[in-house]
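Please open the model in your viewer and keep the sequence panel beside it. The stops below say what to select next and what is to be found there.

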Amino acid sequence: MRILLGITGGIAAYKAAGLLRAMSELGHEVTALPTQNALRFIGEATLEALSGKNIDSDLYGDVASVRHVQLGQEADLIVIAPATAAFLGRYAAGIADDLLLNALLASTAEVVVVPAMHTEMWQNQATMENVETLRSRGIRVMEPASGRLTGDDTGPGRLPEVEDIIEFLFASSPLTGKTVTVTAGGTRERIDDVRFIGNRSSGKTGIALALAARDLGAKVRLIACNLAQTPKGMDVTHVESVADLSAALQEPSDVLVMAAAVSDFQVTNPRKGKLSRSTVPELKLSSTPDLLAAYTKQFPESFAVGFALVDQEEDVINASRSKLETKGAKIVIGNSISSLEGSDTVVQYVEADTEAEISGTKDEVAREIMSRVAAQLS
Ligand SMILES: Cc1cc2nc3c(=O)[nH]c(=O)nc-3n(C[C@H](O)[C@H](O)[C@H](O)COP(=O)(O)O)c2cc1C
């Protein structure tokens, strides 16, 4: 594999030498691309000797060969280790002001970012939001290790050990070889050609689950219900209504994660064109089919994960358990309507003989759910 190893200017940049060597020893062709600030922490000579290639991190170094495009397009995988807080901010904002960021923006390769910084910098809201933005775009961000930092203090922010980074990059993951279908977003039922009955689902949880499944090695199919933005690294099918979603669910998958908010009602008499203010329509509604129950009946071998969104007054666990028993799902994730928007959530994880509360950002909760699914499958 051709790997572009971006190295940014943090104290851990010297450890990139070990990573470069480990990747080369695995047979990968590695091109090291330090930022100008990284070269304050690690010598050009070290990287040249270990990669067997000249180091030139000047964007305008060899203009004739347009190196940023060449570097971006040649790479099968781009790894940034260590990634500084400054780099995360520039990358999340799309600021292409050096050779590395230009190469990244010119590339369609898979990108893995390995941040390393002081704990307070890592936990700073700006950094957290930048990481979340990158993850939502399909970039794999490895959690830093906890341990001794630059000074006497300790905490999360340390660059993980080289063997852990290698494992994160290449090891066969728990869902390798599995297909995971994730539905995300909210369906729309047409009233006329302009209006619809929809819901407030943002699709964040579904996307986070799809990314978590992808990061665990699964081949992911995302069925996106009315989502404008979808991540890289997975097959995406865009759908609008319950009927479209039902049609898209006619293929079996090892795992189905039914995170989309599916309308319980459909308009039986949708109008053509645009209704005018003077013709207030009398809408006839009928129930939509139960897609989760239909799927588990059609594909009983599939491991189905359902979601139960309940009213604040209702008991989430009871509602989830009754859904588990009636829909053929192996796991039901229950949550209350108060978690509909926003990036943090609290859910009740319910399976035949286990119940657990999982809370955190939607990304964290999604990773925990998918790890539990992977554990069940193994
Ligand atoms: C001694 C020293 C150590 C630093 N270590 C880190 C670090 O570990 N992580 C980080 O995010 N920034 C660190 N910085 C700050 C970065 O060097 C600074 O944000 C720089 O602009 C990063 O540039 P780059 O991302 O273009 O390579 C450090 C700065 C100094 C002076």
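Begin with Gly6 and Ile80 of β3, which stand opposite each other; keep in mind throughout that this is a predicted model.

**The parallel sheet**

With that pair in view, extend the selection to strand β1 (residues 2-7) and to β3, which run parallel and are joined by four bridges. On adding strand β4 (residues 110-115), you will find that β3 and β4 also pair in the parallel sense, here over five bridges, and that Leu77 stands opposite Glu110 in β4. Next select β5, which pairs with β4 in the parallel sense over two bridges; one place to look is Val113, whose bridge partner in β5 is Val141.

In what order do the five strands of the open sheet follow one another? Reading across, the order is β2-β1-β3-β4-β5, and the pairing is parallel. The edge strands are β2 (29-34) and β5 (140-141), each of which pairs on one side only.

**Inside strand β3**

Now isolate strand β3 (residues 77-83) and colour it by accessibility: seven of its seven residues are buried, so the strand is largely enclosed by the rest of the structure. In a regular strand the side chains alternate between the two faces of the sheet. Showing the side chains here, you can follow Leu77, Val79, Ala81 and Ala83 as they point one way from β3, while Ile78, Ile80 and Pro82 point the other way, and all of them are buried.

Before leaving this strand, turn to the backbone at Pro82, which lies in strand β3: the peptide bond that leads from Ala81 to Pro82 is cis, with omega near -5°.

**Salt bridges**

Side chains of opposite charge can pair when their charged atoms come close. A search of the whole structure finds 17 salt bridges, and a few of them make useful stops.

Select Lys53 and Glu29, which form a salt bridge whose closest N and O atoms are 3.1 Å apart. This pair links distant parts of the chain, 24 residues apart, with Lys53 in the loop between α2 (44-51) and α3 (67-74) and Glu29 in strand β2. Both partners are partly exposed, Lys53 with a relative accessible area of 26% and Glu29 with one of 44%.

Return next to Glu110, and show Arg140 with it; these two form a salt bridge in which the closest N and O atoms are 3.6 Å apart. Glu110 lies in strand β4 and Arg140 in strand β5, so the pair ties together parts that are 30 residues apart in sequence. Are the two partners buried or exposed? Glu110 counts as partly exposed at 39% relative accessibility, whereas Arg140 is buried, with a relative accessible area of 8%.

A further pair to select is Glu161 with Arg158, a salt bridge with its closest N and O atoms 3.3 Å apart. Glu161 counts as partly exposed at 37% relative accessibility, and Arg158 is also partly exposed, with a relative accessible area of 24%. Elsewhere, salt bridges that share partners join Arg90, Asp97 and Asp98 into one network.

**A hairpin**

Move on to strand β6 (residues 145-148) and strand β7 (residues 154-158), which pair in the antiparallel sense over four bridges. The hairpin that joins β6 to β7 does so through five residues, and for a bridge to display you may pick Gly147, whose partner in β7 is Gly155.

**Two positive phi values**

Select Val66, in the loop between α2 and α3, where phi is near 45°, a positive value in a residue other than glycine. Val66 is partly exposed, with a relative accessible area of 40%. Then go to Asn226, in the loop between β11 (219-225) and β12 (235-239); although Asn226 is not a glycine, its phi is positive, at about 60°. At 25% relative accessibility, Asn226 counts as partly exposed.

**A charged patch**

For the last stop, switch to a surface view and select Asp311, Glu313, Glu314 and Asp315, which form a negative surface patch. Within this selection, Glu314 lies in the loop between β16 (303-310) and α12 (316-327), and Glu314 is partly exposed, with a relative accessible area of 44%.

Terms used:
Residues are numbered from 1 along each chain as its sequence is written. This is a predicted model: local features need pLDDT of at least 70, side-chain atom pairs count only at pLDDT 80 or more; totals for chains, interfaces and linings use all residues. Side-chain values use heavy atoms; hydrogens and water are left out. Buried means under 20% relative accessible area, exposed over 50%, partly exposed in between (1.4 Å probe, protein chains only). Two strands pair if DSSP finds at least two bridges between them. Patches are made of residues with over 30% relative accessible area and no salt bridge: like charges are joined within 9 Å, nonpolar side chains (Val, Leu, Ile, Met, Phe, Trp, Tyr) within 5 Å. Accessible areas come from the Shrake-Rupley method with a 1.4 Å probe; for residues, only the protein chains shown count as cover. A salt bridge is a side-chain nitrogen of Lys or Arg within 4 Å of a carboxyl oxygen of Asp or Glu. Lys and Arg count as positive and Asp and Glu as negative; His and the chain ends are not counted. The place of a charge is taken as NZ of Lys, CZ of Arg, CG of Asp or CD of Glu.
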